[in-house]
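Student: Could we go through this model together, one question at a time, so that I learn how to read its strands, helices and chain contacts?

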Amino acid sequence: MSGRCDGGAVHMIEALLAAAIVISTLVLVNTYTVMPERDSGDDLEMLSLDILNVISYKDNSLEHPGLGFTLLSPEQWKKSSIALGADIGEMLPAGVYYYMATPYGTLGMRPADGSSVNSRPFIAYSSSENGSGQMLDCKLVLWRA
Amino acid sequence: MTDDGQMILLSAFIACLCLVSVVACMSAVNYAPGAENRYLSADTLDNILWAQDTALSEAALHQVSNSPESRYQLALSFKEYANPSMDSLSHCLLKRGVSYLIEYNDSRASGFISSHKGNDMASLGGVIIESHRGIERVYGCAYDVIVEDRSASYHMSRVVTFY
């Protein structure tokens with residue numbers, strides 16, 4: 001009788017152990033799917049999106065020109081790009097740098113070798129003197145050394 | 001440990017392996033090769049519409065007239081000014097494997113005007129012309145736009161105003 005009771009207790013412990021293994025695996029799986037991995041690359045991706053939205057939609061002024069205004073023409077790029085670059089620089093956290101490439105020129109520092117980089121291509125409108133507007137292929141690169 | 005106990009533990013391990021393999025399969029489907037290289041997404045769509053609306057706004061600002069009789073010509077000039085930009089946008093996107101189509105929507109523009117009674121506006125082929133202090137100007141336009149690539153498709157019908 002005592003042997004049967006001992007056997008039942010062992011079965012109970014084994015069943016509990018098995019249940020604990022299954023439940024811990026379920027928790028692990030659930031955590032993995034609900035919270036996807038976020039590394040520094042993802043952070044830079046979100047940051048580049050935020051910055052692009054801010055400089056695209058913010059109010060335009062001579063001291064703080066918007067992206068659309070700055071890229072309207074090569075002449076405007078020469079006048080406003082420095083101020084635009086300064087505004088982008090102020091939005092970046094410490095240790096993160098930017099590089100913007102447009103057909104009219106570049107802004108910021110090129111990514112260093114081996115750095116964590118996020119490149120976000122974007123399109124901007126530019127008007128020309130004869131009135132035939134064109135779209136410019138540009139990109140905003142954020143990088144962390 | 002008893003034989004029954006070993007069977008229970010073995011079953012638990014097999015169940016865990018099955019769960020992990022199912023999750024691995026789901027992850028493989030969600031992150032298919034090439035998915036990260038696609039250009040078209042909600043974020044890029046926002047940029048496309050921004051560039052497009054900037055071009056339309058620029059075209060509108062260049063169309064002003066003193067004569068109420070020139071409304072039709074104003075709408076025509078607006079489209080002629082904007083069309084090269086739309087063609088350029090389409091070309092830019094085509095290089096990235098994205099097709100882009102914009103069409104002016106006259107009925108939607110008329111609907112917009114109906115909901116803004118009191119203003120002297122008219123829709124001419126989807127272009128909203130307004131008489132403002134004796135000056136005729138392009139107040140806005142209504143359009144349908146379709147942007148799609150091999151895996152995503154966005155259809156929108158919008159009215160944009162420039163003043």
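The questions below go through chain A, then the contact between the chains, and then chain B.

Student: Before the details, what kind of model is this, and in what order do the elements of chain A run from the N terminus on?

Tutor: This is a predicted model, which is worth keeping in mind throughout. Chain A has 4 helices and 4 strands. Read from the N terminus on, its elements run α-α-α-α-β-β-β-β.

Student: In which order do the strands of the open sheet in chain A lie?

Tutor: The sheet is open and has 4 strands, with antiparallel pairing. Its edge strands are β2 (105-108) and β3 (116-126) of chain A, each of which pairs on one side only, and the twist averages 15° from one strand to the next. Read across the sheet of chain A, the order is β2-β1-β4-β3.

Student: Which residue of β2(A) stands opposite Tyr99(A)?

Tutor: Strand β1 of chain A covers residues 96-102 and pairs with β2(A) in the antiparallel sense, over 4 bridges. Opposite Tyr99(A), in β2(A), stands Gly108(A).

Student: Helix α3 of chain B packs on that sheet, so what angle does its direction make with that of β4(A)?

Tutor: Two helices of chain B can be described here, beginning with α2 (residues 42-61), which packs on the sheet and touches β3 and β4 (134-144) of chain A, its direction making about 25° with that of β3(A). Helix α3 (residues 71-94) of chain B also touches β3 and β4 of chain A. The direction of α3(B) makes an angle with that of β4(A) of about 45°.

Student: Which element gives the most residues to the side of chain B that touches chain A?

Tutor: In the contact between the chains, 27 residues of chain B meet 29 residues of chain A. On the chain B side, the elements that give two or more residues are α1 (3-30), α2 and α3. With 11 residues, the element that gives the most is α1(B).

Student: How many residues on that side of chain B are nonpolar, polar and charged?

Tutor: Sorting by class puts each residue on the side of chain B that touches chain A into one of three groups. The counts there are 17 nonpolar, 7 polar and 3 charged residues.

Student: How far apart are the centres of the two domains of chain B?

Tutor: Chain B is divided into domain 1, covering residues 1-31, and domain 2, covering residues 39-161. Taken over C-alpha atoms, the centres of domain 1 and domain 2 of chain B are separated by 56 Å.

Student: Within chain B, which turn residue between β3(B) and β4(B) has a positive phi?

Tutor: Strand β3 (residues 121-124) and strand β4 (residues 127-132) of chain B pair in the antiparallel sense over 4 bridges, and Met121(B) has Glu130(B) as its bridge partner. These strands form a hairpin with 2 residues between them. The turn residue with a positive phi, of about 65°, is Gly125(B).

Student: Which turn residue has a positive phi in the hairpin of β4(B) and β5(B)?

Tutor: Strand β5 of chain B covers residues 135-148 and pairs with β4(B) in the antiparallel sense over 6 bridges, and Ile128(B) is matched there with Gly140(B). This hairpin has 2 residues between its strands. The positive phi, about 50°, belongs to Arg133(B).

Student: What is the bridge partner of Tyr104(B) in β5(B)?

Tutor: Strand β5(B) has pairings with several strands, including β1 (residues 64-65) of chain B, joined to β5(B) by 2 bridges in an antiparallel arrangement, where Val64(B) stands opposite Arg137(B). Strand β2 (residues 99-104) of chain B pairs with β5(B) as well, over 6 bridges and in the antiparallel sense. In β5(B), the bridge partner of Tyr104(B) is Tyr143(B).

Student: Through how many residues does the hairpin join β5(B) to β6(B)?

Tutor: Strand β6 of chain B covers residues 153-161 and pairs with β5(B) in the antiparallel sense over 9 bridges. Val147(B) has Tyr154(B) as its bridge partner in β6(B). The hairpin joins β5(B) to β6(B) through 4 residues.

Key
Residues numbered from 1 in each chain as written. Chains lettered and ligands numbered in written order. Predicted model: local features only at pLDDT ≥ 70, side-chain atom pairs only at ≥ 80, totals over all residues. Pairing = 2+ DSSP bridges. Axes fitted to C-alpha atoms, helices over the stretch in contact; angles between N-to-C directions. Contact = placed C-beta atoms within 7 Å. Nonpolar A, V, L, I, M, F, W, Y, C, P; charged D, E, K, R; others polar. Domains from an automatic or database assignment.
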